[in-house]
Structures are given as C-alpha cells and as structure tokens.
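Hi everyone, thanks for making time for this. I have one structure to walk you through, so let me put it up on the screen.

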Amino acid sequence: MYFVKVYVTYKDSVLDPQGEAVKNAVHRLGYDNIEDIRIGKYFEIQVSASEEEVEATIEAICDRLLANINMETYRYEINKMEEV
C-alpha cells in the first residue's frame, strides 16, 4: 500500500484572492517582511495498487478531479507504507 500527499495550488499567473487577503491580514499584524502567501489544497490518499499503477492513478485523479488544470498546478509525494 502507498501513502500519497497531493498539493494543489494556483499557477503563478493566476490571481489568488484568498492568499492576498491572508497576506494583507498578516501585514496588519505587523509582519511586513512577508512578501507573498498562496493558498492551496492538500490531500492524503492511500492507494492499494502496484508500484507501477500508483503514479498513473494519482495523475489521473489529479487531472480529472482534484485540480483544475487550466488554473492550478499540482505535485505529489508517494511513500510506501510499512506492512503491518
């Protein structure tokens, strides 16, 4: 079994209004050294598949469901879980 962490964020060219709002709030708190904040989504997925199938499965799920590929980008980390 594999444990996959998926991170989805807006592409650099896309305005992130939530990130801007958080950055402005952080500045109001006095943290003026913060240059940028981007908001994203995080998913934890357990996959019961062969090593060869895991990456293809995650790519398909990200492309078809988790990320809007026109506006967002994603990356993921695949870790093999220890057998119990």
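Let me start with a quick one for the room: is Tyr42 buried, partly exposed or exposed? The answer is partly exposed, because its relative accessibility comes to 41%. Please keep in mind throughout that this is a predicted model.

Let's stay with the aromatic rings for a moment. There are two aromatic pairs to talk about. One joins Tyr7 and Tyr42: the ring centres are 5.2 Å apart and the planes stand at 40°, so we call this pair tilted. Tyr7 belongs to strand β1 and Tyr42 to strand β2, so the pair ties together parts that lie 35 residues apart in sequence. Tyr74 and Tyr76 form another pair, with centres 6.4 Å apart and planes at 20°, so that one counts as stacked. For the centres, the cut-off is 6.5 Å, and the 6.4 Å of Tyr74 and Tyr76 falls within it.

How exposed are these rings to solvent probes? Tyr7 is partly exposed, at 23% relative accessible area, while Tyr74 is buried, at 19%. Since buried means under 20%, Tyr74 qualifies with its 19%. Tyr7 has a further partner: the charged end of Arg75 sits over its ring, 4.1 Å from the centre.

Now to the core. In soluble globular proteins, nonpolar side chains tend to be buried together. Here, the largest nonpolar core has 13 residues, and Val4, Val6, Ile45 and Ile58 have the most contacts inside it. Four elements each give two or more residues to this core: β1 (2-10), β2 (40-47), α2 (51-66) and β3 (72-80). Val4 is a nice place to look from, as its contacts beyond four places in sequence include Ile45, Val54, Ile58 and Ile78.

That brings us to α2. This helix has 16 residues and spans 21 Å between its first and last C-alpha, close to the 22 Å expected at 1.5 Å a residue. Its buried residues are Val54, Ile58, Cys62 and Leu66. They cover an arc of only 55° around the axis, so they are on the same side of α2. Among the elements covering these buried residues are β1, β2 and β3. On the face turned away from the buried side, you'll find Glu52 and Arg64 exposed.

The other helix I'd like to show is α1. With 12 residues, α1 reaches 17 Å from first C-alpha to last, close to the expected 16 Å. Gly19, Lys23 and Val26 are its buried residues, and they lie on the same side of α1 because their arc around the axis is only 60°. Over on the other side, Pro17, Gln18 and Arg28 are exposed. Just after α1, Gly30 has a positive phi of about 100°.

Which residues does Lys23 touch, leaving aside those up to four places away in sequence? They are Glu35, Asp36 and Ile37. Lys23 counts as buried because its relative accessibility is 14%.

Finally, have a look at Ile34, in the loop between α1 and β2. Ile34 is partly exposed, at 30% relative accessible area, and it touches Val26 and His27. From Ile34 to Lys23 is 11 residues in sequence and 7.4 Å in space, C-alpha to C-alpha.

That's my tour. Thanks for listening, and I'm happy to take questions.

Methods. Residues are numbered from 1 along each chain as its sequence is written. This is a predicted model: local features need pLDDT of at least 70, side-chain atom pairs count only at pLDDT 80 or more; totals for chains, interfaces and linings use all residues. Side-chain values use heavy atoms; hydrogens and water are left out. Buried means under 20% relative accessible area, exposed over 50%, partly exposed in between (1.4 Å probe, protein chains only). Contact means heavy atoms within 4.5 Å. A nonpolar core is a set of buried Ala, Val, Leu, Ile, Met, Phe, Trp, Tyr and Cys residues joined through side-chain atoms within 4.5 Å. The expected span of a helix is 1.5 Å times one less than its number of residues. The arc is that of the directions from the helix axis to the C-beta atoms. Rings of Phe, Tyr and Trp (its six-membered ring) pair if their centres lie within 6.5 Å; planes under 30 degrees apart count as stacked, over 60 as edge-to-face and the rest as tilted. A charge sits over a ring if NZ of Lys or CZ of Arg is within 6 Å of the ring centre and within 35 degrees of the ring normal.
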